There are 4 protein chains.
Amino acid sequence: MKAVRVHAYGKPPSIDDIPEPSISGPLDILVEVGAAGLCRTDLHVIEGQWAEKSGVKLPYVLGHENAGWVREIGSAVTNVAPGDPVILHPLVTCGLCRPCRSGVDQHCENSRFPGIDSDGGMAELLLTSARSAVKLAPGLEPVDVAALADAGLTAYHAIRKALPLLYPGSTCVVIGVGGLGHIGVQCVLATTATNVIVVDRSDTALELAGSYGKVHVVKADGRQVQRVLELTGGAGAHVVLDFVGEQGAEADGLAMTRRAGSYFVIGYGGRIEIPTMDLIFTERNIIGNLVGTYTELDELMTMTAEGNVRLHTQVFPLEDINHAIEDLEAGRLPGRAILVPNRGRRI
Amino acid sequence: MKAVRVHAYGKPPSIDDIPEPSISGPLDILVEVGAAGLCRTDLHVIEGQWAEKSGVKLPYVLGHENAGWVREIGSAVTNVAPGDPVILHPLVTCGLCRPCRSGVDQHCENSRFPGIDSDGGMAELLLTSARSAVKLAPGLEPVDVAALADAGLTAYHAIRKALPLLYPGSTCVVIGVGGLGHIGVQCVLATTATNVIVVDRSDTALELAGSYGKVHVVKADGRQVQRVLELTGGAGAHVVLDFVGEQGAEADGLAMTRRAGSYFVIGYGGRIEIPTMDLIFTERNIIGNLVGTYTELDELMTMTAEGNVRLHTQVFPLEDINHAIEDLEAGRLPGRAILVPNRGRRI
Amino acid sequence: MKAVRVHAYGKPPSIDDIPEPSISGPLDILVEVGAAGLCRTDLHVIEGQWAEKSGVKLPYVLGHENAGWVREIGSAVTNVAPGDPVILHPLVTCGLCRPCRSGVDQHCENSRFPGIDSDGGMAELLLTSARSAVKLAPGLEPVDVAALADAGLTAYHAIRKALPLLYPGSTCVVIGVGGLGHIGVQCVLATTATNVIVVDRSDTALELAGSYGKVHVVKADGRQVQRVLELTGGAGAHVVLDFVGEQGAEADGLAMTRRAGSYFVIGYGGRIEIPTMDLIFTERNIIGNLVGTYTELDELMTMTAEGNVRLHTQVFPLEDINHAIEDLEAGRLPGRAILVPNRGRRI
Amino acid sequence: MKAVRVHAYGKPPSIDDIPEPSISGPLDILVEVGAAGLCRTDLHVIEGQWAEKSGVKLPYVLGHENAGWVREIGSAVTNVAPGDPVILHPLVTCGLCRPCRSGVDQHCENSRFPGIDSDGGMAELLLTSARSAVKLAPGLEPVDVAALADAGLTAYHAIRKALPLLYPGSTCVVIGVGGLGHIGVQCVLATTATNVIVVDRSDTALELAGSYGKVHVVKADGRQVQRVLELTGGAGAHVVLDFVGEQGAEADGLAMTRRAGSYFVIGYGGRIEIPTMDLIFTERNIIGNLVGTYTELDELMTMTAEGNVRLHTQVFPLEDINHAIEDLEAGRLPGRAILVPNRGRRI
């Protein structure tokens, strides 16, 4: 089968013809990939930034945001059947450790991460687990939802944790309306009656955010902290969702957070630097966020099926991976890049 | 009346004879001070570190941890009567803003803070509010409980927030067994079945901690992070309560916190410095903590009356304030210093 | 001033000319009533059903859902000023007991209830407390919001408690789209992405519910339980909000509640009758609901100001109280009856 | 192997020699049973009360509270190994439905219940799932813990749900200090600083409760409601845990519950009967409870290993099942009856 593989860090991946993977464990499933999202993490992988952390052996297949159709299932699989359209939670989890038994799959003590530490979904077939598969509702196509598997799930996970703080009359700031943030804005609007302020450097991004519903938009032109304070009577926001997490957004985000408020770190790359006195004097919280749970992915699919969430995408055939990478690096992509290994169910 | 007043920053306070304060507002109460705790914040006030933040006009009376007996009450006071022994929540709050109406008094939008920004309790009489007064149960004396008003409340507040995380089988690290931490250890033991690890530089402090119940003690000798990791199978603790917050404790605390765990900043003076990637990759939280609520002070008094919490103190007459300060600065105080303006109810 | 008073149980109230009330306590406020809602509880009061429970001495003024303009304030009032338009939390609370200090004002240990146990708002002036007053945002008029003070608050309070259960993909049944229920439907739609099923006997009510957004409507024609089970794949709803609570709705509501689900009792009049085995075998909960908190009323006003909630009303001059009562008894009122003692701010 | 089987409802079970069960599924485990608890539910099964609900085909093996040693494991089992001592969660769950993925195993949509609807643990061997097995800490023996698998878990589950309500100064009533209640009292004492009141008809039971720590004991002699009200200043308890649920305990329990409090139904057999008005006027809750989750069983084992919980038992050889049943029916059992099919690990 065709697959996008990294052979050497610092070099573009190539399209290889490799043997098809096959089912071995009782909960294994084999999926015909209908769509695989491309994200900045893939660029970092190619550059070698994840080499040590993942310990993956080259060459291997990229792709950690996947959706498609089930082709084959292991002996103990009961939740999906061959032919089912599915979106795939990014982690393959054990189901037996305390985090799995508590429903926080992303902290599984025995997980693997296809596309990061083992073969991923930028290929005609992906070997994963029944525990990762969420069946798609009628009307949802893999190509329309794939990027929700990781980018969307990460955004929704943070928002779900913030929900108890977002009462009517509260304020929620969203920093960054990119691949994660544009889903984040839609999720906040669908699940709360909070006051939403969106901050971004790009007018196009702010316009997109405005199209989702009633939001205040603030251009990140150097005066963004001051503008947020003005919009909140000088107090700051109850919740700040930072989808950037670098290049100053992390300091901005903390400065926009009011007394007893919470700053959610979702994007990464920068550093948190703050005196302990400043945290205790205002009793603010800094909340880490990592992907999300299986049930959260299921909920996000429900919202998508009901029209509350819509991905902004640009579709490429699998072979065009390096064009997609060039466009992403050059900032020429208006939406999330989606690679399509299979145009429809083949079985 | 006699009162301990700061006249100039950088100079020792003096014992002055000043006019007695008097009731003016309907919720005012006048309290004969039976005990006023001395803490490091008082040293910082004297040094001038709070000058700008508090904006207080010199000279003024120190003392923000107070207990005593009610002498006189305003026209609308119904919860205490003259003669009642009381402990006093450190803040005087409005009762009408959203934080007050939600029960999080410490974030009152119109508060004052006796001993910090107005005359405090190191005096024969203190003017405060009925909203700050918790009546003492029979058997509790002001001199035995005063330091719970701030130090104890702050410790208990953090622990109460951590409670949902401290299931049987979880681990809770307490860094620092001083004025706050020794109450903290007792509160954790009384309200959870978690596994407690206590970290301190001082053998005496660790011994004191051990006397409260079943705890693991770890000497902070440079290998404390490694020791905590060993005690937790390499994973770290679900909750770290940092009562120090400076001199490396803040980095240690984060390093001792496991995936999906929470680091509670209670002590202050140092800095949080951490890459956003380290927070998101492990989904850890950094939780600020500030004093506590009125109902939490009430609960802490219940635990004290029932023998679950016992303050470790050293008593001084009010006139010996400067000896107490010297002992505190020299590290010669085995427990919390308590100043006694009135030896018993005079009315 | 003019006031609607009950003189004898079982007889229509009369419009009396009585002395104006006046400020005495420091937190008292005197309000020119702009609107007072009429509800079924008023009918029950007139019939004498509340005589023993309230212990009120006749004659007294009806009216427990009030809004208007502040005329005069007590010496300690800081949150409202003369001239401010306000809506009034139905209870006058002490602010000092544990429920008040925890923010659950409706359980105040020293409250009074104007319109039930003391003179209410069907009069030109109402004496109440600054603790009960929520200032109206520009654009909100007393006549448009008064019935939110009790009916609306009660609906929103129950929904706010149910929020953590209403994840996307869950189902929420609303039984009864009357004075409370029509607000309830709007609140659920504004604050969740749950699947809403509305049950009522009246086609008009179901049509009104449908006009608020995406809901499934089920006619209460005897097959309503079966219909709800069909719509939920046989499982029932995660949350059932019963705004009727009598005439079979209480049994229906429990039967519509799925395993591990919660049945919220809001309306009253009937009885809960269920074997303990049926509750434990399915682990269902029965949740009582009473009015709401001050901050919830504030949040409901925010949602109203932002257009998320709109009351369906019919306005009467104060003098027409007995016409309004007749219409309510005869089922001729398409919306909530609102009595108007003052047509606009007089000061 | 030897097994206790029901052949006909209404007749005593017999000890049969039947074929050994064997592993078929990948997550199956085969356990040498070291101890099987006998409880009232077994009596009800024998009487035929569960015949319709369970649909089990006779003859079948009794026993739903089991512990022992793993003999053999399926191909996908990673959490236990042959030889491990284990206690077994009563349900065999699928791991793939939403309740399983949320950690609330007891609501699994595809579960089976050994001892109720399929062969149970009153036999030399039990076939169950790796998902049900909690490994025992060194020092814990199957015979000492088996009855915690169901009776203990059910008690702890209810208490864990009640924890957020049990602040210091609150009151918790425990009705019934039998097989479940005596574990309940120990769990409340170990995990809270609440005020505990224990109610039972038997002086021996009350004495046992008193031996666990500081509790108030109230004899259920007809004046128990009045006594609880007296002990709570007339207000009632914040939480009532009813381990009886029949013969008047259910009405008592509700009457002992204060405003805004919660009544937890754990025992069963009786009926809840209450006007909706009484629930809403006081805003009380009625909370159903069913077994518990896998992680709760794990936590209960931790508490047991640390000496916080100790079962009160009476041990019988498997062959003496009918003596044990007679003793239980006659009220001659001072503790929980435990049947021992294997005296120690045979492998």
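# Sheets, helices and symmetry in a predicted model

Let's begin inside chain D, where strand 9 (residues 171-175) and strand 12 (residues 237-242) run parallel to each other and are joined by four bridges. Please keep in mind that this is a predicted model. The parallel pair belongs to an open sheet of twelve strands shared by chains C and D. From there, the tour goes on to a helix pair in chain D, to smaller strand pairings in chains A and B, and to the way the copies are related.

**The sheet shared by chains C and D**

- Within the parallel pair, Val174(D) has Leu241(D) of strand 12 of chain D as its bridge partner.
- Helix 7 (residues 203-210) of chain D packs on the sheet, where it touches strand 10 (195-200) and strand 11 of chain D. The direction of helix 7 makes about 160 degrees with that of strand 10 of chain D.
- Reading across the whole sheet, the order is 11(C)-10(C)-9(C)-12(C)-13(C)-15(C)-15(D)-13(D)-12(D)-9(D)-10(D)-11(D), with mixed pairing.
- At the edges stand strand 11 (216-219) of chain C and strand 11 (216-219) of chain D; each has a single partner strand, so one side of each lacks a neighbour in the sheet.
- From one strand to the next, the twist averages 20 degrees.

**Two packed helices in chain D**

- As a reminder, a pair of packed helices is described by the angle between the axes and the distance between them.
- Here, helix 5 (residues 151-162) and helix 6 (residues 181-191) of chain D pack at about 40 degrees, and their axes are 9 Å apart. Helix 5 of chain D is therefore oblique to helix 6 of chain D.
- The crossing of helix 5 of chain D past helix 6 of chain D is right-handed.
- Helix 5 of chain D brings Gly152(D), Ala155(D), Tyr156(D) and Ile159(D) to the contact, and these meet Ile183(D), Gly184(D), Cys187(D), Val188(D) and Thr191(D) of helix 6 of chain D.
- Six residues of this contact are nonpolar and three are polar, while none is charged.

**A three-stranded sheet in chain B**

- Chain B holds an open, antiparallel sheet of three strands in the order 2-1-4.
- Its edge strands are strand 2 (14-17) and strand 4 (60-61) of chain B, each of which pairs on one side only.
- Strand 1 (residues 2-6) of chain B is antiparallel to strand 4 of chain B, and two bridges link them. Arg5(B) has Val61(B) of strand 4 as its bridge partner.

**Antiparallel pairs in chain A**

- Strand 3 (residues 28-38) and strand 5 (residues 66-73) of chain A run antiparallel and are joined by seven bridges. Across this pairing, Leu30(A) has Glu72(A) as its bridge partner.
- Strand 5 of chain A also pairs with strand 6 (residues 85-88) of chain A, again in the antiparallel sense, over four bridges. Here Gly68(A) is partnered by Val86(A) of strand 6.

**How the copies are related**

- Chain B superposes on chain D by a rotation of 180 degrees with 0.0 Å of shift along the axis, giving an RMSD of 0.0 Å. These two copies are thus related as by a two-fold rotation axis.
- Both of these copies use the same surface, since 100% of the contact residues of chain B recur in chain D.
- Chain B can likewise be laid on chain A by a turn of 180 degrees and a shift of 0.0 Å along the axis, with an RMSD of 0.0 Å.
- Because 100% of the interface residues of chain B are also interface residues in chain A, these copies meet through the same surface.

Note on methods
Residues are numbered from 1 along each chain as its sequence is written. Chains are lettered from A and ligands numbered from 1 in the order in which they are written. This is a predicted model: local features need pLDDT of at least 70, side-chain atom pairs count only at pLDDT 80 or more; totals for chains, interfaces and linings use all residues. Side-chain values use heavy atoms; hydrogens and water are left out. Copies are superposed by least squares on the C-alpha atoms of residues with pLDDT of at least 70 in both. Contact means heavy atoms within 4.5 Å. Two strands pair if DSSP finds at least two bridges between them. Axes are lines fitted to C-alpha atoms, for helices over the stretch in contact, and angles run from 0 to 180 degrees between N-to-C directions. Angles under 35 degrees count as roughly parallel, over 145 as roughly antiparallel, 65 to 115 as roughly perpendicular and the rest as oblique. A crossing is left-handed if the near helix is turned anticlockwise from the far one by less than a right angle, and right-handed if clockwise. Ala, Val, Leu, Ile, Met, Phe, Trp, Tyr, Cys and Pro count as nonpolar, Asp, Glu, Lys and Arg as charged, and the others, Gly among them, as polar.
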